[in-house]
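Here is a set of exercises to work through with the sequence and the structure side by side. Try each task yourself before you read the solution.

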Amino acid sequence: MTRVFILAVVLCFVSTIQAAESLLHSFQRLTLSAEYYSEGAGFGDVSHDGKPDIVSGPYWYAGPEFKTKHEIYPPKPQNRNGYADNFFWFVYDFNGDGWNDLFRVGFPGTPGYVYVNPRGAKGHWARHQVFDWVGNESPTLANLVGDARPELVCTKRGQFGYVTVDWENPLKEWTFHAVSGAVTSQKFGHGLGVGDVNGDGRLDIIHKDGWFAQPPSDKEAWKAHKFVFAPRGGAQMFAYDVDGDGDNDIITSLAAHEFGLTWFEQMKAEGDAGGITFKKHLIMGSTRRENKYGVVFSELHATGLHDMDGDGLKDIVTGKTYWSHHKQSPQWDAGAVVYWFKLVRGKDGVDFVPQRADTDSGLGRQVSIGDVNGDGLPDIVSAGMKGTHVLLHAVRKVSAAEFDKAQPKPYTSPALPKGVLPKGENGQALNLDFEKGTLADWTAKGKAFVGQPIAGEIDPKRKFGEGKTAKPQGNFWLGGFEKLFDMPTGTLTSAVFQVTHPFAAFRIGGGNHKETRVELIRADSGQVFFKMSGRNSETMRPVVMDLRAHAGKSIFIRVVDEHTGGYGHVNFDDFRFYAKRPRFANAVQPPKPLVFEKPLLEGATAGVAAKAMKLPPGFRAIASAAEPDVMQPIAFTLDHRGRMWVAEAYSYPHRQPDDKARDRILILEDTNGDHKFDKRKVFIEGLNLVSGLEVGFGGVWVGAAPYLMFIPDRNADDKPDDKPQILLDGWGYQDTHETLNSFIWGPDGWLYGCHGVFTHSKVGKPGTPDAKRIPFNAGVWRYHPTRHIFEAFAQGTSNPWGVDFNAHGQCLIEACVIPHFFHMIQGGRY
């Protein structure tokens, strides 16, 4: 178990959210497995003892303590840089023998399987393929047609529909009933749900672009209703009366791999015909400004709806599906949070108050909510890249003061960065924000930009316009699709202007093609030194560039549209200079480092760089060693004589063939006390993928995945007594950024080190069987130098690369990907 996150909720609300009885709700994370086995988890009574068990990946975990796991099928950890073969688990007695079986949905577009409960017998469960093609990334098992038994709602080869079971032969092939033509993705697709949209008592199928109304009988066709709820598609969708007016509204995330959580208020459509339409209410967007309480996170690929606090209103449960598209998603490396958004109805309307349940378990594609430990409170069960977890719910009465302190506070957003428009040869600001309402200061070729710029937001009545937003900075913007759609091609080139500031930014949307791009070009050479494309989204987001390498030079902008297919257009707006690097919460990150960016002290000597450092009062920096005396240093330590031992990492970022290994360890010494190392010797060469070292106990301790090694030098002559001794092996290097690192002696005499999240180790002494090895990824480990014992000291965080102890012996680490600083407690999970 790990930290407890305290959240506040109240049973009875008045206008100031004062409580008649104040309760604090908390969730304690219980990690069932740190391995990546599945994108989903379910629960139900598998063991036939009347108590819920948890099912995820190849295991079911016996409730209510979930300490004992049982294999369903042979376990095989999944590749975190790919995707699991197991996405969803549903618990139901399919064969009617009184024991719950399991239905497994794998990767989209693959078969669905029923695993028959062996009724207490040992061994793996018998698997039966019952459906050949489960499409969409949010399928569900629900009683859709009202026959008291569930149907599978999904897609198949682009058709929406549902799958029925022949309950006389439930393990035979199930039957798909299409409710549409081939109108969606063949395999994937985001956004799917079930609910009574039109209030006729029958459940309908909801999808990102509308809903299919269930007919009164199975002899009639399902009627399609178009309304774009989520252009990019989110996760599970729900029909629920959010505002209490008697009709069901729609709840959905907006983009499974990006941002957005909304509810759509059901309203009567204009005109004599009436009908249903919806009004969008944004709960959380892509910036802190777009949530009343300043909450923002990305990758909402799983959502649930459940009354979390017992007030009779259903709340939204969601979180970050960590690593859902690997590094392609914005804020992919932010914390793997889980939240529930409390529904509050008041005189001022509806509010969804965010309550954080966890910071580092995240969700997969499925979140299951219910009382799994029998205490009457709903718990949260999930699985994904971070492993399998249950967030156990607890509640306690508190004072009004403690309650108020725990409440989320309304967010006051800081002012946006202020930039300036570049100036032309006449000294006047150029029309690079299009606020003149014309293409003044621009030259167009071809037909792609005829009728530009666009005034105001995207017209919801234009082709594919419903639900789309561009988010221009002012009244006018360049919208490549708005007038002539995707077919025309052409270029739009700005007037030449001088670089007068070190940084610039502009907004970009549209297609993610190399043929749809914005370029920055040097006027003197014609060199394209920066280019950027959209993300297949109409919504424009800022992109920042460093122009210090081009200070004082003349440049121009060229908007290029050479694509005639889907998203064959560019949206562009508001090019401005900035005196300091602007920080935008929703900025687009270029796909790779900007090679043209010039470091602040490019070409400076080490001494000059040291003098330029900004340090606290009383500190000074001295360049003690520099190239060529030390090259590619990755780790260092100081011995009792004040000498620095440095590991040079020439192998990084790949482990080399043994005959090409050339990492080495140097010893640097200051012989005259001037704080500069003037004596240098090589201790050892020919190491491979070195990432950490420490000196002590008669030698040097070296981390070089897959090994932790000891190089003896008992006579202290600075020469190895023998070949490196392999103390432990099994250290992973799938991600060489995150191997064993940051060696340091602890106050207890153990050797401590760190390890990152996306490298997966199974550590043991050479020859240790796999079953007896210690699995380890993110966290802090330790090794006893004389008893030769290895332990996982604390687990979790992200990519820690730095550990130390304070005067009280408390362990502190920093993570170099996410700017977090952790106090690590032995046995903790973070």
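**Exercise 1. Find the strand that holds Glu648, decide whether this residue is buried or exposed, and list the polar contacts of its side chain.**

Step 1. Glu648 belongs to strand S41; strands here are DSSP runs of type E with at least two residues, helices are runs of H or I with at least four, and both are numbered from the N terminus.

Step 2. Its relative accessibility is 0%, so Glu648 counts as buried. The cut-offs are under 20% relative accessible area for buried, over 50% for exposed, and partly exposed in between, with a 1.4 Å probe and protein chains only.

Step 3. A polar atom of the Glu648 side chain lies 2.6 Å from the backbone nitrogen of Met631. The side chain of Glu648 also makes a polar contact of 3.0 Å with the side chain of Tyr650. A polar contact is a pair of N or O atoms within 3.5 Å; within protein, one must be able to donate a hydrogen and the other to accept it, and residues adjacent in sequence count only if both atoms are side-chain atoms.

Step 4. Now look beyond the neighbours within four places in sequence: Glu648 is in contact (heavy atoms within 4.5 Å) with residues including Asp629, Val630, Arg664 and Leu666.

**Exercise 2. Before going further, check how confident the predictor is along the chain.**

Step 1. This is a predicted model, in which local features need pLDDT of at least 70, side-chain atom pairs count only at pLDDT 80 or more, and totals for chains, interfaces and linings use all residues. Residues are numbered from 1 along each chain as its sequence is written, and side-chain values use heavy atoms, with hydrogens and water left out.

Step 2. pLDDT is the predictor's confidence in each residue, from 0 to 100. The chain average is 93, and 95% of the residues score at least 70.

Step 3. Residues 1-20 stay under 50, and the model gives them 74 contacts beyond four places in sequence. Residues 593-599 are also below 50, with 14 contacts beyond near neighbours in sequence.

**Exercise 3. Locate the cis peptide bonds before Pro64 and Pro653.**

Step 1. Gly63 and Pro64 are joined by a cis peptide bond with omega of about 5 degrees. Pro64 sits in the loop between strand S5 (59-61) and strand S6 (69-71).

Step 2. The bond from Tyr652 to Pro653 is cis too, with omega near 10 degrees. Pro653 is in the loop between strand S41 (644-648) and strand S42 (663-669).

**Exercise 4. What is the strand order in the open sheet of 4 strands, and which strands stand at the edges?**

Step 1. The order is S3-S4-S5-S6, with antiparallel pairing. Two strands pair if DSSP finds at least two bridges between them.

Step 2. Strand S3 (42-44) and S6 each have a single partner strand, so one side of each is left without a neighbour in the sheet.

Step 3. Zoom in on one pair: S3 and strand S4 (residues 53-56) run antiparallel and are joined by 3 bridges. Gly44 has Asp53 as its bridge partner in S4.

**Exercise 5. Follow the side chains along strand S55 (residues 811-815), then find its partner strands.**

Step 1. The side chains alternate: Cys811, Ile813 and Ala815 point to one face and are buried, while Leu812 and Glu814 point to the other and are not.

Step 2. Strand S54 (residues 800-805) is joined to S55 by 4 bridges in an antiparallel arrangement, and Val803 is matched with Ile813. S54 and S55 form a hairpin with 5 residues between them, and Gly809 in the turn has a positive phi of about 80 degrees.

Step 3. S55 also runs antiparallel to strand S56 (residues 820-824), with 5 bridges. Here the bridge partner of Cys811 is Met824.

**Exercise 6. Describe the hairpin formed by S48 and S49.**

Step 1. In strand S48 (residues 741-745), 4 of the 5 residues are buried.

Step 2. S48 pairs with strand S49 (residues 751-755) in the antiparallel sense over 3 bridges, and Trp745 stands opposite Leu751.

Step 3. The hairpin has 5 residues between its strands, and Gly749 in the turn has a positive phi of about 90 degrees.
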